[in-house]
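Student: I've got a model open and a list of labels for it. Could we go through why each label applies?

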Amino acid sequence: MKKITTTALFMFLGLMSCNKDFLTVVPETNLSTAIFFTKEADFQQAVNANYVPLRAIVNDRAWLLGEMHSDNAYYYRNILFGATEQQEDIADFAVPTANGVTSNTHVLNQYRLDFQIIARANQILTSIDAVDFAAASKNNLKGQAQFLRAYAYFELVQYFGKVPLHLTPVTNRQEAALPLASVDEIYAQIIKDATAAISGLLPKSTQEAGRVTSGTARMLLANVYMVRKNWAEAEKLLKEIVASNEYKLMPDFNDAFSTNTGNKNNAESIFEVQFQEGASGYNGAIIYNYLPRPMSPDELKPITGTSNPQPLTGEGNGAPTPDLIASYEKGDKRLDGTIGYVTISGSLRADKRFPYNKKFAKTHSLHGNTGNNFPIYRYSEALLFLAEALTEQGKMAEALPFLNQVRSRAGLPAATATSQAAVRTQIYQDRRSELAFENKRWFDLVRTGTAVEVITAYGNRVKANPVAYYYPEGAAVRSNAFSNISVLYGLPADEAALSPYF
């Protein structure tokens, strides 16, 4: 992908539209919609900016709200440091919520980042048809904006349920507050945008690397249909992805993920968020969110390979739970590709050996500055979704070959179950093993209707044996842990203060 910048795009934070009549004076020394959106290059730059919030989402937020808020990951408790309550509340299912709103900072930031994507997409989609340039390029740019708006609303509806449905730029304070749209209304718009994006976007083989493609839009729409239990429509889209021959499994599971500088947007990638190591501002630091504390530079260097490792203090997050580790089948190659171990001499635990998320631990040059991309959709997930969609329609014999492609790469024997319940269980198992730490687990628990049951049992295990969940001996789980097991987050309190509707 061309470097996505926000240069000249800060206007999206507060754009004001201007009526082009003789009373309107357009300031020509400042950027505005009246003078910016006049040529193709302007829309190319605007679409580049539309992708930007995805970096902050996957680097800073999604692993908290979508993975640590599950039975896959927990936090590494460091009583020497104290507490990082906002993050612990998410892991502990103790997010304070009253009257449908919460003050949790991470919830607020996720909400705002998704609406930043939506606001930028709205400006593009409102303006682009009025400017004359090549239809193929215009359709591709529109398709990217439509996909990104659909993706942002898909995140929002899964996290919050009802949210405001903004489809045009906000031009004044009064327009900023809208009533909450129903879940059905939001999904209808997501489906509309994703469907339109399919027809406008290019396939992966001809699209600029790193941008969303017609295959990406099909995958998003199939994901929506999986959540909505529209199995036949999901099957149709997923079979189109398979038949396109645009994607294939990488022979080695470890090669499905980019390194710090290479293997990006590989054959298995349907869409991944782009990062670039260095001083340009496009770097990430996701592995540092996943490491236990306190860690010395000597303990850190074998994991990161940097020339300037720094000590890690505070509390770590995203610790692979014993539950996740135990869930892998014997001989599953994905276990070694996903879970690493490090010994921490400064830990207060008797067992100083900690697991960590190895999937994104790619060697890089400088401390805290990584360039490996983050996967949103991989072809293996398309195969697993297809197997699931077929199974839910009673087509187990047709489903197994797609499931077994994924299992074969993992070094596992082919699944041979014939009953719908047994095949369904196997698919869920393989989704957990295949997609750990890719922010899928919480959404899977919710869409399958098992979230409350699974998390209640998981919470009981944490409270009964905190040492097994990385607490030092003698440290207790907080009294409010697992006191708010809900399938939705409360809406952000700071936003509620600006709106009369929530």
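Tutor: Let's take the labels one by one and set each value against its definition.

Student: What should I know about the model before we start?

Tutor: This is a predicted model, in which local features need pLDDT of at least 70 and side-chain atom pairs count only at pLDDT 80 or more, while totals for chains, interfaces and linings use all residues. Residues are numbered from 1 along each chain as its sequence is written, and side-chain values use heavy atoms, with hydrogens and water left out.

Student: Why is N99 called exposed?

Tutor: Exposed means over 50% relative accessible area, buried means under 20%, and partly exposed is in between (1.4 Å probe, protein chains only). N99 has 82%, so it counts as exposed. N99 sits in the loop between β2 (97-98) and β3 (101-102). Its phi is positive, about 55°, although N99 is not a glycine.

Student: And what makes K229 partly exposed?

Tutor: The relative accessible area of K229 is 45%, so it takes the in-between label. K229 also has a positive phi, near 65°, and is a residue other than glycine. Look for K229 in the loop between α9 (214-227) and α10 (231-243).

Student: What makes a stretch a helix or a strand here?

Tutor: Both are DSSP runs, numbered from the N terminus: H or I over at least four residues for a helix, E over at least two for a strand.

Student: How do you know what span to expect for α5?

Tutor: The expected span is 1.5 Å times one less than the number of residues. Helix α5 (residues 105-127) has 23 residues, and its reach of 33 Å from first C-alpha to last is close to the 33 Å expected. Of those 23 residues, 17 are buried, so α5 is largely enclosed by the rest of the structure.

Student: How does α15 do on those two counts?

Tutor: α15 has 14 residues and reaches 20 Å from its first C-alpha to its last, close to the 20 Å expected. It is mostly covered, with 14 of its 14 residues buried. Just after α15, G394 takes a positive phi of about 80°.

Student: Why is the link between R478 and D89 called a polar contact?

Tutor: A polar contact is a pair of N or O atoms within 3.5 Å; within protein, one must be able to donate a hydrogen and the other to accept it, and residues adjacent in sequence count only if both atoms are side-chain atoms. The side chains of R478 and D89 are joined at 2.9 Å, so the distance fits the cut-off. A polar atom of the R478 side chain also lies 3.4 Å from the backbone oxygen of E88.

Student: Is R478 buried or exposed?

Tutor: Its relative accessible area is 19%, so R478 counts as buried. R478 lies in the loop between α19 (451-464) and β11 (491-492).

Student: What makes F160 buried, and which residue does its C-alpha pair with?

Tutor: F160 has 5% relative accessibility, so it counts as buried. F160 lies in helix α6, and its C-alpha is separated by 6.5 Å from that of L491, 331 residues apart along the chain.

Student: Why is P500 called exposed?

Tutor: P500 has a relative accessible area of 68%, so the exposed label applies. P500 is placed in the segment after α20 (493-496), and the C-alpha atoms of P500 and P179, 321 residues apart along the chain, are separated by 8.2 Å.

Student: What makes a space in this structure a cavity?

Tutor: On a 1 Å grid over the protein atoms alone, a cavity is a set of points where a 1.4 Å probe fits but cannot get out, and lining residues have an atom within 4 Å of a point. Grid points are joined across faces, edges and corners, and a volume is the space filled by probe spheres set on the points. A search of the whole structure finds five cavities of 30 Å³ or more, and the largest has a volume of about 250 Å³.

Student: Which residues line the largest cavity?

Tutor: There are 22 lining residues, of which Y151, N223, N439, K440 and F443 lie nearest its centre. The largest share of the lining, five residues, comes from α6.

Technical notes. 1 Å grid on protein atoms, 1.4 Å probe; cavity = no way out; pocket = protein on both sides within 12 Å on 5 of 7 lines; lining within 4 Å.
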